[in-house]
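Trainee: I would like to take a close look at a single part of this protein. Could you walk me through it slowly, as I am still new to reading structures?

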Amino acid sequence: MTLLLPAAGRGWRYPLALCGLLGLLSLHLWLDGGLNPAAQWVQLWQEPVDFSGLQFHYAALPRAAMALLVGAALGLSGSVLQQLTGNRLVSPMTLGLSAGAWLGVVLASICLPGMLALHPAWPALGGAMLALGLVLLLAGPQGLNGLPLVLGGMAVNLLLGALATALVLLHDQYARNLFVWGAGDLAQIDWQWTLWLLPRLSPALLLLWLAPRPLSLLVLGLAAARGRGVVVSTILLLLLAALWLSAVSVAAVGLIGFIGLVAPNLASLLGARQPRVQLAASALLGALCLLGSDCLALAFSQWAGDSLPSGAVTALLGAPALLWLARRNLRPAQQAAAPPSVVAGQRRWGRGGWLLAVALLLLLTLLSVCLAPMPAGGQLRWVLGWPEALLWSLRWPRSLVALSAGAGLAIAGVLLQRLLRNPLASPDLLGLSAGGSLALLLAASWLGQPLLQGGPLLALAGTLLVLGLLLWLGRKQGYAPGMMALSGIALAALLDALVQAVLAKGTADSFAVLGWLAGSSYRVSGTQALWLSLAVLVLGMLTLAAQRVLALLSTGDGVAQGRGLVLERVRLGLLLLVALLTAVVTAVLGPVAFLGLLAPHIAALLGARRPLAQLLLAALLGAALLLLADWLGRVLIYPRQLPLGMLASVLCGAYFILLLCWQRLRRGGGR
């Protein structure tokens, strides 16, 4: 659907947009400086002589100018990326470029702080280019205009984000000042950053002048465009210019998501069809969107008495926009596409395999308890032996938590994948873990209670809310894999923005929040470990009792109903089991990415075809993976430690990326 303006009114669209921009600009200046339009006009032409004048000239005006510049740059960058790939879901955020830029800046703040102070754009650009290279490698030439590009961006986003979080936790003294930057804050105290950014946006003029012709030819396809004289170097130059605009914007104000996604789609909806018109309209609408979002941030800050970063507001508005755009732009075949697919292995998982899996898990458990580096004579030595009473009291709760949480998330993943017949379904990718985390985080931030005081009940409420929302959104598409995955991406992006808003307050709890969100087992007590293991055991037994129901559901709704199943009640009961498993794990450990997706997938690859076999093998694999992550987190940088959730995300994320690469090569996508 395109909202074409009447022909008679098209000549007025630019004057109308300009009037809207001026009106919004006046509102922004009033919210930031407290001056009405008449007073603004007077202040504009005179030197500041009092506090209101200084506030207007050195805070309100630079902030408004920064919003206009960054919004225009991100809108233009998103438009170029969307036209180059022919994919309306592409933007700097959905390609993982923001996470890459975040990783680049964090690395530079630790390793090269002097270079970061002088040239902040280069680390961000390097990280964004790394992310883009990985995404293009995953999607391949055949996947640029479809869902594989967005799914590759999602995987890269999670992996690079986990690496950046690990670096922040390990080097908190260097990264403390990055919290405000990570939330996307437009606040200014002078014109320094505006004057820094303005000349660096000159590639925008190059894009407006050079890009329209190759972009118009690329609509015909890459081969046809090359036949008409478009060389690869031109395409790479346009791509680099778009990356540069995004990188310098991120370096100036931090992570601002969704503007590069929403503005080009709005331009298309309003009838901007020619490449040059789309570029110009995207830049204008990007400026309007970010200025409007910042107006909301200012209004909320004045109402609540607490600052709200603009990045959080754009996420609040952009997450629903991403869902709507996905429903509108993805074709049915793309909505149903779901790499990686759950393909059963060639061999059946037999009795010998079960014995081997159980033996390996027992051996891993024994090693995680008994093997650790210990200081001796000024050096570290590996010690293998039963730990002393104090060490035992510290090690057994976190080992038990890792085993229980891994098994619980794996079982939840199997249930979701079989219920929704969706190989991309998992508690983290569908946003269930994010819902539980968000409920706990909001209670801690705005109600003032300790992070884990609400426990499973708050996490369950958030998980059920997200689950209900996902089921409502996915019912029309039959819970298609692509749509459900994109819904999870939107919810995860929303959570990430809210987390950054909480961290930007710079309170003493910021690192505690960050550590908990990375999946920390440091502070787990023996009582919590026992309760979690008991809860997972009970819920797991209920799931095993329902394995016949799962087998019937896998054959199709018609067969299941013919055998007497009441589908609505069965699905509701099993989904409640998923929500409970996710909630109890999240409440104790925090969110853990990828595990609920990959453990069922590996079990299927090993040959566990039937529901009972897949449930049991996935539980064993999930427990082993999380236990391995916990042990590595304890010994890799001893005496310091890494959160097991972050390590599990890195391990499983790397495997997920390798899996996507392998599937692309198997399909011949590299041609």
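In which kind of crossing does α16 pass α17?

Mentor: Happy to help! Please keep in mind that this is a predicted model. To your question: the crossing of α16 past α17 is right-handed.

Let's set the scene for that pair. Helix α16 covers residues 259-269, and helix α17 covers residues 275-304. Two packed helices are described by the angle between their axes and the distance between those axes. Here the angle is about 125 degrees, and the axes lie 8 Å apart. An angle of 65 to 115 degrees would count as roughly perpendicular and one over 145 as roughly antiparallel, so α16 and α17 are oblique to each other.

Now look at who meets whom. From α16 come Ile259, Ala263, Pro264, Leu266 and Ala267, and on the α17 side they meet Gln278, Ala281, Ser282, Leu285, Gly286, Cys289 and Leu290. Sorted by class, this contact of α16 with α17 has 9 nonpolar and 3 polar residues, with no charged ones.

While you have the model open, a few single residues elsewhere are good practice. Start with Ser404, which sits in helix α21, residues 389-419. Its relative accessibility is 7%, and because buried means under 20%, Ser404 counts as buried. A polar atom of the Ser404 side chain lies 2.8 Å from the backbone oxygen of Leu400. Beyond its neighbours within four places in sequence, Ser404 is in contact with Leu532, Ser533 and Val536.

Next, find Ala599 in helix α30, which spans residues 595-605. With a relative accessible area of 0%, Ala599 is buried. Ala599 and Leu621 are 22 residues apart in sequence, yet their C-alpha atoms are 5.9 Å apart in space. Leaving out residues up to four places away in sequence, Ala599 touches Ala410, Ala618, Leu621 and Gly622.

Finally, go to Gln614 in helix α31, residues 611-635. Gln614 counts as buried too, at 5% relative accessibility. A polar atom of the Gln614 side chain lies 3.2 Å from the backbone oxygen of Pro600. Pro600 is also among the contacts of Gln614 outside four places in sequence, together with Val414, Arg418, Ala603, Ala604 and Ala608.

Conventions:
Residues numbered from 1 in each chain as written. Predicted model: local features only at pLDDT ≥ 70, side-chain atom pairs only at ≥ 80, totals over all residues. Heavy atoms only, no water. Helix = DSSP H or I, 4+ residues; strand = E, 2+ residues; numbered from the N terminus. Buried < 20%, exposed > 50% of the residue type's maximum accessible area, 1.4 Å probe, protein only. Polar contact = N/O pair within 3.5 Å; in protein donor to acceptor, adjacent residues only side chain to side chain. Contact = heavy atoms within 4.5 Å. Axes fitted to C-alpha atoms, helices over the stretch in contact; angles between N-to-C directions. Parallel < 35°, antiparallel > 145°, perpendicular 65-115°, else oblique. Left-handed = near helix turned anticlockwise from the far one by under 90°. Nonpolar A, V, L, I, M, F, W, Y, C, P; charged D, E, K, R; others polar.
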